[in-house]
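Open your viewer and get ready to make a few selections. We will go stop by stop, and at each one I will say what to pick and what you will find there.

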Amino acid sequence: MNSQRLMALLVAIIISAPLLLPDGQGIGLVNAILIWSIFVIGFDLVFGVAGMLSFGHAAFFGVGAYTLSLLTMRMGWEFIPSLGAAGVVGGALALVFSYFAIRVSGLFFALLTLALSQLIYIMAGTKLRMLTGGVDGIAGVPRPDLFGIDFYDDGNYYFFLLALFILALLISGLIRISPLGQALKAIKSNEVRAEQIGFNVQRLRRSVFTISGVFAGVSGGLLASLIFYVGPQMLHWTTSGDVVIMVLLGGMGTLFGPILGVAIFEFMREWLSTQTSHWYGILGLIFIICTIGMPKGIAGLITQLWDRIMPGGKS
Amino acid sequence: MSTIVIGLSMGMLLFLLAAGLTLIFGMLRVINFAHGSLYMLGAYLSFQMVNLTGSFWVGLAVAPMIAAIVGALMERIALRPVYDRDHVYQLLLTFGFILVLDEAVRIIWGLEYKQMYPPELFSGAIEMFGSSVPSYRLFIIGFGAAISAALFFMLDRSRYGMIIRAASGDPEMARTLGINVSLVRTGVFSFGAGLAALGGAAAGPLFPIELGMGFNIIIDSFIVVIIGGLGNIRGAVMAALLIGMTRALGYSYAPSWVDFLTFILLIGTLILRPEGLFSRKGRTA
Amino acid sequence: MNIVKSTILGAACAALIGGAGAFPAYADEPEAFKIGAVLPFSGPYGIIGKGMKQGAQLAIEMRGGKVLGKPVEVTWEDSETKPQPAVQKATRLISSGAQMIFGAASSASTAALQGITEQRKIPLLVTISADDKITRANGYHYTFRTSNTLGMEIRMAMEYTKAAGLKKIYAVGADYAVTRDGLEAYSAAAKEAGIEIIGVDFAPLGNRDYSVIIDKIAKTDADGVVLIVTGSDGVTFLKQAGQAGLGKTKTLFGPVLQDEVLAAAVGPDAVGAASGVRYHYSVDNPANKAFVEAYRAKFNEWPDSFAGEAFDGMSWFLDIVDGTGSWDREKWVTAFEGSVRENSVEGRKEMRACDHQALQVGLWGVVEKGEAPYPDLRMKITNIFQPEALFPECAE
C-alpha cells in the first residue's frame, strides 16, 4: 500500500458513505460531491497536468447544464442523449475558447478565459433570455428515466452518479498515463524543450482543454438535474474560482487529491454554514494557509505523512 | 457635448478604480484579485471617517492609508513566501483574500447599506451644454487627472520610480545594487492597495456602499488594465477613457448592449494585441 | 508552518469523515413540528435573511411555540442567495423530517426550491420572491405565496401613474426577462389610459453608471420616470439622479424602487421617490399594531418589509395547519387553498385556489423625512390599491 492507495481508500470511504451509514444519511452531500468531482477531475487535467490556469471553466459547466435542460424540457430528448450532448457542447465551447486563448500563456490565459466566460455569463442573463430564462433561470430540470428506476429518489440517483463518477475517474486515469498525459507533463515542466522534441504544444493543449470541457459540460448537466434547476449563477466566474479552490485544497496534478478537495469544500458548505454564517471567510483563511504552507494540497500532506510513518515503504 | 463630459468622468472614475490594480500588476506581476475587496474596504473606511469627522476629505485621505497597511500585511504574510513559485500561486492567494476581506467588512459594518455624499464644495450641479452636470463628476475628472499625473511622474521620472522599476525588472541586479527588493515589493503592494481604497472612497458618493460592490468593479478594472497594457499607467488612462467614452455612447444609443460592447473591446484586444492597445513594449520588441 | 497546516487539515479530514455520521435521524412519529428555513444569511442579501428570520421567529413565539400540540422546531440554513446550496440544504432538511420549507429570498433560489418541494410533496411557503412564475395557474401544488407579485406591483405603478396625473413617462428597466415583461405590460396599460411613453431604456443588471441615461431623461419633457429596477440598481440611480437634480422636475417612481432599508442607502436624495411597498409598520389595524409592538419589544427596531411579510405568511400557514388538526400535508394544502385571512397585518388576504397566490391590497408610498422614533427616511403610505385592480383573472 502506498499513499496513492491510501487516498483512493479515503475517496472510496467518502463516496460510499451512504452505503455504510444507516438510512442513507449524507446522500445529498455525497451526490453533490460526485458531480463536482467529475468537474474537477476534468479541470485538473488542464490545471494540474498541463499547468494551464483557466478561470473560464464555469462557461462549459453552465453551458452543459443549459444544454441538458433545454434538450430534455423543450425538445423532448431522452436524458442520456441529452447528457451526452451536454458534454459535446461543453467540449465544443472549450474548443472555441481554446482557439482564442491557447495563443497566450500564463496569466494572460487566466484572464482571457475569465473574460470569455464572463461574456457567456452576460449573454445568458440578458440577450439569450428566450433560451435561458434570463437571470431567473429554468426550474424543473428532469432526472433520467431508465429501467423503471425512480431516479427522483436521491438514493437511487446516487448509483447513477456513482457509475458516471467511476467512468470519469477511469477516463481521467487513462489520459494521465497515456502518451497525451505524458506529453502534457513534459510541456508543463519545460515548454521549450517539449517543442524541440517535436511535440505540437498548441494542439496538445487544445486537446486537453477540450476534453476538460466535456467533463465540465457533463458535470453541469448532472448538477442541473440534481437540483432540478439551471441559472446563470453557474456561469459566473466565481464558480470557476470555487473549482480552483477545490483542486488546490485537494492537491493539483493528482488523480484523487482534487476529489478530496471537493469533499472538504462541499462538507464545509453543508456543515460549517450551519455553525456560522461566516463560513466563507473561514474557507478563505484555510485556503490561504494551505496555499502558502502546502502547495500540493491534501494529497501532498498525505504523501508526506505516509512517508514519515512508513519510511521504507515507498513504492 | 454633455455626453462627452460624462464619458470623460466615467473614464476617469474607471481609471481611479483600476490604478491600484495596474500598478501591482505591472511592478510585481501579481494579478490582485482582492483589488475589488480593497476598493470596498476603502469605501467603508471612508464612510466611517465621514461619520466620525463629518469631512469627506478626511475620509478620502485616511481610508487609503488604512487600506495600505492592510495591503502591506497581506504582502508580508501571504505573498512573500510564494514569490519564488509560479505566478499562479500569488493570484490564488489574492483570491483567498477576497473571502477573508469581504467577511471582515461584513463583521465590522454589518449588512446594511451605507451612504456617503459629495463634499459641500461639489454637491450641486452645473449647467453645461444644455444639461446639468453634477459638479462631483467634474471633481472626478480633475482628481483622476491629478492622480494619473502624479503616478506617471512618480514612476517614470522620480528616483522611487527608478528603484521600483529596477526591482521589478531584475531583482537580482537590484539586490546587488543595494536595493532592498522585498521592502520595495511590500511598498508597491501596499501603495496599490491604498490606490484601490482611494478609488472606493472617491466612488462612495456615486454608488451604494454594500457588500457586493467589489465584485462589480473587479471585472471593469481587469478590462482597463488589460486594454491599457500591463502596469502601463499611461496606457491605463487611455484605456479607461476609451472605455468611458464607449460606454457613454453606448448608454446614449443602446444601453442594453453596453456590457457586451466593453467585452468585445476586451476580447479583441486580448486576441489582437495581448500586450495592450497602448503598450509601447509591443512596438519595440 | 508544517504543524499548523497538518493540524488544520487533519482536523478537517477527521471532521469530514466523522461528520457524515452526525446527520439527524429521521423520525416517523413527529415529536415536533419541523420547519426547514432556507434563507440568505451570508453575502449581500444577508439583510433579507435576517429580517425574515426575525419575523418568522416572532410568528412562532406569539402562538406559544406550538403547532398541533407539538413544539415548533426551525432549522435555519444559509442559501447564500445561490440555487445550489438552497436545494442541497432543503433536500437535507426534508430528509431529516421537515414538514414544510420556508424560503428562499431570490426568485432564482425559490424557483429551484420548487422543484424539490413538488417532488417530495412538501409545502413551500414563499413570503418575498416576486417573480410571477412562482405562482401560476395549475402550477405548483405545494407552493404558496402570501406576498406580492411583481406583476401586481407593476399594476400598482400604473394605478399610481393615473392617480398622480402623470401624462408623459420615461421608462428605465434592468435588462432581464421579468422586467422586460413587466414594462411591456405597463406600456400596454399606459396606452389604454392615454399616457404616453416617450422613451424606454434597458440597462444591464448591476449597472454602475446611469449618468448618461439620467442626462437623456433630463432633456425630455417627461413628467414621470418609471424605474423597474430594484436593490442596489435603484439606489445607484436615485443617488446619481439626485446629484443631477432630476427629481426636481420629474416624479421618480417604480414598483419595487424603495423601502426604508434602500432609502437609508440613498440618503436625502431619496425624498420624493415613490414606490410599491410590500409591508409597512404604519398600516393601521389591530393585528399590525400588536405585531409591531411585539417586534419592537423583542428586536428593538422597526420591522422591515422582509420581517413583516415573513411574520404574516408564517402565522397564516401555521394557523391553517393547526386548523386541520392533522399531520396529513395534503389536508394542509387543501385547507390553505381558498382560505381567507381577515386580520392579517396588511388587511384582508385571500389565498387563491387556482394558483396559490394571496390576493391582497397593494400599498404604495413615498419617501419622506422621518423624525424619532422613526428612521430618518421613512415611507409614507399614500395609496392603498384594491386587489381587483391588481390581480388579473386566474388564467392558463
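## Starting at a small sheet

Select strand β13 of chain C, residues 347-351, together with β12(C): the two run antiparallel and are joined by three bridges. Keep in mind throughout that you are looking at a predicted model. For one pair within this ladder, pick Ser344(C), whose bridge partner in β13(C) is Gly347(C).

Now add β14(C) to the selection. You have an open sheet of three strands, ordered β12-β13-β14 in chain C, with antiparallel pairing. Which strands stand at the edges? They are β12 (340-344) and β14 (358-360) of chain C; each has a single partner strand, so one side of each is left without a neighbour in the sheet. Looking across this sheet, neighbouring strands are turned against each other by 25° on average, direction ignored. As a general reminder for this stop and the next sheet, strands pair through backbone hydrogen bonds, in either a parallel or an antiparallel way.

## On to the seven-stranded sheet

Stay in chain C and select β8, β7, β9, β10, β11, β15 and β16, which is their order in an open sheet of seven strands. Here the pairing is mixed. The edge positions belong to β8 (196-203) and β16 (377-385) of chain C, and because each has a single partner strand, one side of each lacks a neighbour in the sheet. The average turn between neighbouring strands of this sheet is 25°, again with direction ignored.

Zoom in on β11 (residues 274-277) and β15 (residues 362-369) of chain C. Four bridges join these strands, and they run antiparallel. To see one pairing, show Val277(C), which stands opposite Leu363(C) in β15(C).

## Colouring chain C by domain

Give two colours to chain C: one for domain 1 (30-148 + 284-360), another for domain 2 (151-277 + 363-390). If you place a marker at the C-alpha centre of each domain of chain C, the two markers will be 28 Å apart. How many residues does each domain put into the contact? Domain 1 of chain C gives 10 residues, and domain 2 of chain C gives 10 residues. On the domain 1 side of chain C, the residues touching domain 2 are four nonpolar, three polar and three charged.

## Crossing over to chain B

Next, select the contact between the chains: 30 residues come from chain B and 33 residues from chain C. On the chain B side, the elements that give two or more residues are α1 (2-28), β2 (131-134), α5 (135-156), α10 (233-253) and α11 (258-272). Highlight α1(B) here, as its four residues are the largest share of the side of chain B that touches chain C. Coloured by class, this side of chain B shows 17 nonpolar, nine polar and four charged residues.

## Chain B as a whole

Finally, show chain B on its own as a cartoon. Chain B has 12 helices and two strands, and from the N terminus on its elements read α-α-α-α-β-β-α-α-α-α-α-α-α-α. The radius of gyration of chain B is 19 Å, close to the 19 Å that the globule rule gives for 285 residues, so chain B is as compact as a globular protein of that length. Along its principal axes, the C-alpha trace of chain B spans about 60 × 45 × 35 Å.

Colour chain B by burial for the last view: buried residues make up 59% of its 285 residues. If you draw its contact map, then among contacts with a separation of 6 or more, 75% are between residues 24 or more positions apart.

How values were computed. Residues numbered from 1 in each chain as written. Chains lettered and ligands numbered in written order. Predicted model: local features only at pLDDT ≥ 70, side-chain atom pairs only at ≥ 80, totals over all residues. Rg over C-alpha atoms; globule rule 2.2 N^0.38 Å. Buried ≥ 20, exposed ≤ 12 C-beta atoms within 10 Å, placed from the backbone. Contact = placed C-beta atoms within 7 Å. Pairing = 2+ DSSP bridges. Axes fitted to C-alpha atoms, helices over the stretch in contact; angles between N-to-C directions. Nonpolar A, V, L, I, M, F, W, Y, C, P; charged D, E, K, R; others polar. Domains from an automatic or database assignment.
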